[in-house]
Amino acid sequence: MDTIQLNIKHVSDFLSEEDILKQSAQATACNQALYDGSREGNDFLGWVALPSSITEEELREIEDAAKVLRTHCEAVVVIGIGGSYLGARAVIDALSGSFDWLQEPKERRNPVILYAGNNISEDYLHELMNFLEEKQFGIINISKSGTTTEPALAFRLLKDQLESKVGKEEARNKIVAITDTSKGALRTLATTEGYKTFVIPDNVGGRYSVLTPVGLLPIAVAGIDIRKLVGGALEIEKATGPSTTFDYNLPAIYAVIRNELYRQGKKIEILVNYHPKLHFMAEWWKQLFGESEGKENLGIFPAAVDFTTDLHSMGQWIQEGERTIFETVISIKEPKRKVTIPHDERDLDGLNFLEGKRVDEVNKMAELGTRIAHVDGGVPNLLIELPELNEKFVGQLIYFFEKACGISGYLLGINPFNQPGVEAYKKNMFALLEKPGFEEATKVIKARI
Ligand code: PA5
């Protein structure tokens, strides 16, 4: 097995083959629309061909910029929010050692990757700046619009700290900006200050941008092979082209099943993992599907749990709560490491029955036992299997979900490539902060407090 697999055996108690097949022509048409641009959102389809269109020159430029930061920095702060942050973090966490960041600097092969601009917590920023005080650090500042408040605020603080520490000249060589080709405050700032920059293509939205420099630069700085990642994505791009028949188009099958379950009242999809390294993969997935489909009073609510941890918190709800959920499990066939359970002479913990087994065997039985229990409890279950957690299969998974999301959004009848609802909180926040230009909104909102 050299590719990710979709196992739909455990939806058969809830959906018939006929339920699935009746949507096949429509799903194929939705997939084709991602290529011919015949539906809404057609100005944001650049992601579809990203894996096949990235050039050797572009990859090398990213790797060269990563090398500069890797050479000169013990820590690199990735500033960004939403689509300008989650993809990089998902891949870096999935493919890095869980405790690498705690290693002594001389043992470390890669800079520590830290994140900012994804919240406005004063404590977080203060503690981050404290941590950076004694470190050689660099910054990758990512904002497509170049005007988002959270990253702009974090950058103002960290730029000031870096310049005070190493001087303006040296700071300039440790800052990379990734933004629009010409618009936005970050573009102006980067041009004025003379930073190294990368462009986020106009036709790629934030949450579909992990395979642009937005994701690839931080991922390369973390020491991960971006060529293998893009190569994995390319395999799924090729396998799901416009002429692919429904039966072979895994993202289309996933999209149809989730839409059919939604129609039958399964309003919440829970993405399940059994490895803490996948926590941020689920955060990325939540944004991808939530921001793409949650509009016009429609859309599955994407939720996520980390098992077996959350079996001891959310497990009860999933087993016996309101039957409006289905699960999609990401399963890793072969873990990277090997830990065998030892014999214990006195067996006081009663675990000698597991002696000689690998920890992963226990994890797998928890996974299987939980799937069966949840299906018995009325929770349809989809399974996405990765042979291993490596660059190639993570690349495949990313493209699989992106393609599925595009098809699924079109099946739902919405535009999966805009996010009008994200503006409402910003307008209120600016009004409350009395930002120039928001005077009328300030009066209105203050009258409501
Ligand atoms: O997917 C999206 O479009 C959003 O999540 C954006 O990525 C997020 O709001 C950050 O925007 P920007 O990159 O313009 O700062």
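A residue counts as buried when its relative accessible area is under 20%. Keep that cut-off handy for the exercises below, which all use a predicted model.

**Exercise 1. Get a feel for the whole chain: what share is buried, and does the radius of gyration fit or clash with a compact globule?**

Solution. Start with burial: of the 449 residues in the protein chain, 53% are buried. Next, take the overall dimensions. The C-alpha trace spans about 65 × 60 × 55 Å along its principal axes. A compact globule with 449 residues would have a radius of gyration near 22 Å, and the chain comes in at 23 Å, so the two agree. Then count the secondary structure: 18 helices and 10 strands. Finally, look at the contacts between residues at least 6 apart in sequence; 79% of these join residues at least 24 apart.

**Exercise 2. Work out how the rings of Trp47 and Tyr399 are arranged, and which parts of the chain they tie together.**

Solution. The model holds 18 aromatic pairs. For this one, the ring centres are 6.2 Å apart and the planes meet at 50°, so call the pair tilted. Now place the partners. Trp47 is in the loop between α2 (24–36) and α3 (50–53), while Tyr399 belongs to helix α16 (residues 391–412), so the pair ties together parts 352 residues apart in sequence. Last, check burial: Trp47 and Tyr399 are both buried.

If you want more rings to look at, find the cluster in which ring pairs link Tyr254, Trp284, Trp285, Phe289, Phe400 and Phe401.

**Exercise 3. Find which lysines sit over the rings of Tyr262 and Phe430.**

Solution. Over the face of Tyr262 you'll find Lys267, at 4.6 Å from the ring centre. For Phe430, look to Lys435: its charged end is 4.1 Å from the centre of the ring.

**Exercise 4. Decide what surrounds Glu367, and how far away the nearest opposite charge is.**

Solution. Begin in helix α15 (residues 359–376), where Glu367 lies. Glu367 is buried, yet it has no salt bridge. A salt bridge needs a Lys or Arg side-chain nitrogen within 4 Å of a carboxyl oxygen, and the nearest side chain of opposite charge, Lys364, is 5.2 Å away. As for neighbours, leave out residues up to four places away in sequence; Glu367 then touches Tyr274, Val329, Ser331 and Leu383.

**Exercise 5. Track down some unusual backbone geometry: where is there a cis peptide bond, and what is the phi of Glu296 and of Glu434?**

Solution. First, the background: most peptide bonds are trans, and most residues other than glycine have a negative phi. Now go to the bond from Phe307 to Thr308, which is cis with omega near 10°. Thr308 sits in the loop between β8 (301–306) and α14 (315–320). Move on to Glu296, where phi is positive, at about 55°. Glu296 is in the loop between α13 (279–293) and β8, and its 56% relative accessibility makes it exposed. Glu434 also has a positive phi, near 55°, and its loop runs between α17 (423–432) and α18 (439–447).

**Exercise 6. Is Gly138 buried or exposed, and what does it touch?**

Solution. Locate Gly138 in strand β4 (residues 137–143). Its relative accessible area is 0%, so Gly138 is buried. Skipping residues up to four places away in sequence, its contacts are Leu69, Cys73, Ala75, Val76, Val77 and Lys174. To finish, jump 103 residues along the chain to Gly241: the two C-alpha atoms are separated by 39 Å.

Terms used
Residues are numbered from 1 along each chain as its sequence is written. This is a predicted model: local features need pLDDT of at least 70, side-chain atom pairs count only at pLDDT 80 or more; totals for chains, interfaces and linings use all residues. Side-chain values use heavy atoms; hydrogens and water are left out. Rings of Phe, Tyr and Trp (its six-membered ring) pair if their centres lie within 6.5 Å; planes under 30 degrees apart count as stacked, over 60 as edge-to-face and the rest as tilted. Helices (H or I, at least four residues) and strands (E, at least two) are DSSP runs, numbered from the N terminus. Buried means under 20% relative accessible area, exposed over 50%, partly exposed in between (1.4 Å probe, protein chains only). A charge sits over a ring if NZ of Lys or CZ of Arg is within 6 Å of the ring centre and within 35 degrees of the ring normal. Lys and Arg count as positive and Asp and Glu as negative; His and the chain ends are not counted. Contact means heavy atoms within 4.5 Å. The radius of gyration is taken over C-alpha atoms; the globule rule is 2.2 Å times the number of residues to the power 0.38.
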